[in-house]
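Here is a short briefing on one chain. Have the fold in view before reading the points below.

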Amino acid sequence: MSDRNKKIFLITCIAVPFLLYCVYYYSIMIKNAPFKFSEFENITLKAEVGNHLDKSFDSKSGDYQYLNTRDSLIKMNVKMTKDDLLYLHRKAVDLGFWNWPEEMIGDTSGKAPRYTIAYHYQRKSKTVTVDAAYEADPKLKGASLELIKTINTAIADAADRGR
């Protein structure tokens with residue numbers, strides 16, 4: 001083989017797979033492009049056990065209601081800052097929220113807590129229902145519970161700032 005042919009072979013072995021990977025990677029990025037923070041509208045979170053609603057939050061209206069330890073319904077208005085919402089948007093991106101299935105249900109008896117997370121944008125929305133007893137994919141369950149914990153922490157921080 002001549003030196004010219006060796007160089008061509010080496011370039012095709014490195015450059016062609018790299019270009020194919022770039023096309024694959026950026027096609028996924030373009031597909032998820034409608035989920036941009038500039039088009040962000042609101043986040044909603046609902047937590048329930050069976051048919052009993054424990055907590056609900058809507059970042060657009062600021063409505064937040066939850067049951068305290070004495071089963072009393074507490075209603076308050078919690079306003080999140082743009083930085084809070086940007087942090088929650090980026091956390092969802094980091095955890096791959098847009099690629100999650102619509103439902104991650106593990107317990108059909110209704111005894112395990114069930115969370116509904118919804119991110120709403122101008123052109124698109126993504127809603128995911130997560131059961132705390134979901135066991136099909138442990139990594140996915142861990143990521144979903146981490147996002148729920150992050151949203152709850154952001155709500156608590158915003159509520160503390162508002163007092």
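Phe57 stands opposite Tyr64 in strand 3. That pairing belongs to a predicted model. Its sheet is open, with 7 strands in the order 4-3-2-1-6-7-5 and mixed pairing. The structure also holds 6 salt bridges.

**Sheet layout**

- The edges of the sheet are strand 4 (73–77) and strand 5, each of which pairs on one side only.
- Strand 2 pairs with strand 3 (residues 63–67) in the antiparallel sense, over 3 bridges.
- These two strands, 2 and 3, form a hairpin with 4 residues between them.
- Gly62 sits in that turn and has a positive phi of about 85 degrees.
- Strand 1 and strand 2 (residues 52–58) are also antiparallel, and they pair over 6 bridges.
- Strands 1 and 2 make a hairpin as well, with 2 residues between them.
- In this turn Gly50 has a positive phi, of about 65 degrees.
- Lys46 faces Ser56 of strand 2.
- Ala47 has Lys55 as its bridge partner in strand 2.
- In a regular strand, side chains alternate between the two faces of the sheet.

**Thr44 in strand 1**

- Thr44 belongs to strand 1, which spans residues 40–49.
- Is Thr44 buried or exposed? Thr44 has a relative accessible area of 17%, so it counts as buried, the cut-off being under 20%.
- Leaving aside neighbours within four places in sequence, Thr44 contacts Phe57 and Asp58.
- Under that same condition, its other contacts are Thr116, Ile117, Ala118 and His120.
- The C-alpha atoms of Thr44 and Ile117 are separated by 5.9 Å. Along the chain, the two residues are 73 residues apart.

**Asp84 and Arg161**

- Asp84 is found in helix 2 (residues 82–95).
- Which residue forms a salt bridge with Asp84? The partner is Arg161, with the closest N and O atoms 2.2 Å apart.
- Asp84 lies in helix 2 and Arg161 in helix 3 (residues 138–162), so the pair ties together parts that are 77 residues apart in sequence.
- The two side chains also make a polar contact, at 2.2 Å.
- Asp84 is buried because its relative accessible area is 15%, against a limit of under 20%.
- Arg161 counts as partly exposed, at 46% relative accessibility.
- Not counting residues up to four places away in sequence, Asp84 touches Ala158 and Arg161.
- Side chains of opposite charge can pair when their charged atoms come close.

**Glu102 and Lys126**

- Glu102 and Lys126 form a salt bridge, and their closest N and O atoms are 3.5 Å apart.
- This pair links distant parts of the chain, 24 residues apart.
- Glu102 is in the loop between helix 2 and strand 5 (103–104), while Lys126 is in strand 7 (residues 125–131).
- Glu102 is partly exposed, with a relative accessible area of 46%.
- Lys126, at 8% relative accessibility, counts as buried.

**Arg114 and Asp131**

- A salt bridge joins Arg114 to Asp131, with 3.6 Å between the closest N and O atoms.
- Where in the chain do Arg114 and Asp131 lie? Arg114 is in strand 6 (residues 113–121) and Asp131 is in strand 7.
- The pair links distant parts of the chain, 17 residues apart.
- Arg114 counts as partly exposed, at 24% relative accessibility.
- Asp131 has a relative accessible area of 0%, so it is buried.

**Surface patch**

- Which residues make the nonpolar surface patch of about 710 Å²? They are Tyr21, Tyr24, Tyr25, Tyr26, Met29 and Ile30.
- One of them, Tyr25, is found in helix 1 (residues 3–31).
- Tyr25 counts as partly exposed because its relative accessibility is 36%, and partly exposed runs from the buried limit of 20% to the exposed limit of 50%.

How values were computed:
Residues are numbered from 1 along each chain as its sequence is written. This is a predicted model: local features need pLDDT of at least 70, side-chain atom pairs count only at pLDDT 80 or more; totals for chains, interfaces and linings use all residues. Side-chain values use heavy atoms; hydrogens and water are left out. Buried means under 20% relative accessible area, exposed over 50%, partly exposed in between (1.4 Å probe, protein chains only). Contact means heavy atoms within 4.5 Å. A polar contact is a pair of N or O atoms within 3.5 Å; within protein, one must be able to donate a hydrogen and the other to accept it, and residues adjacent in sequence count only if both atoms are side-chain atoms. Patches are made of residues with over 30% relative accessible area and no salt bridge: like charges are joined within 9 Å, nonpolar side chains (Val, Leu, Ile, Met, Phe, Trp, Tyr) within 5 Å. Accessible areas come from the Shrake-Rupley method with a 1.4 Å probe; for residues, only the protein chains shown count as cover. A salt bridge is a side-chain nitrogen of Lys or Arg within 4 Å of a carboxyl oxygen of Asp or Glu. Two strands pair if DSSP finds at least two bridges between them.
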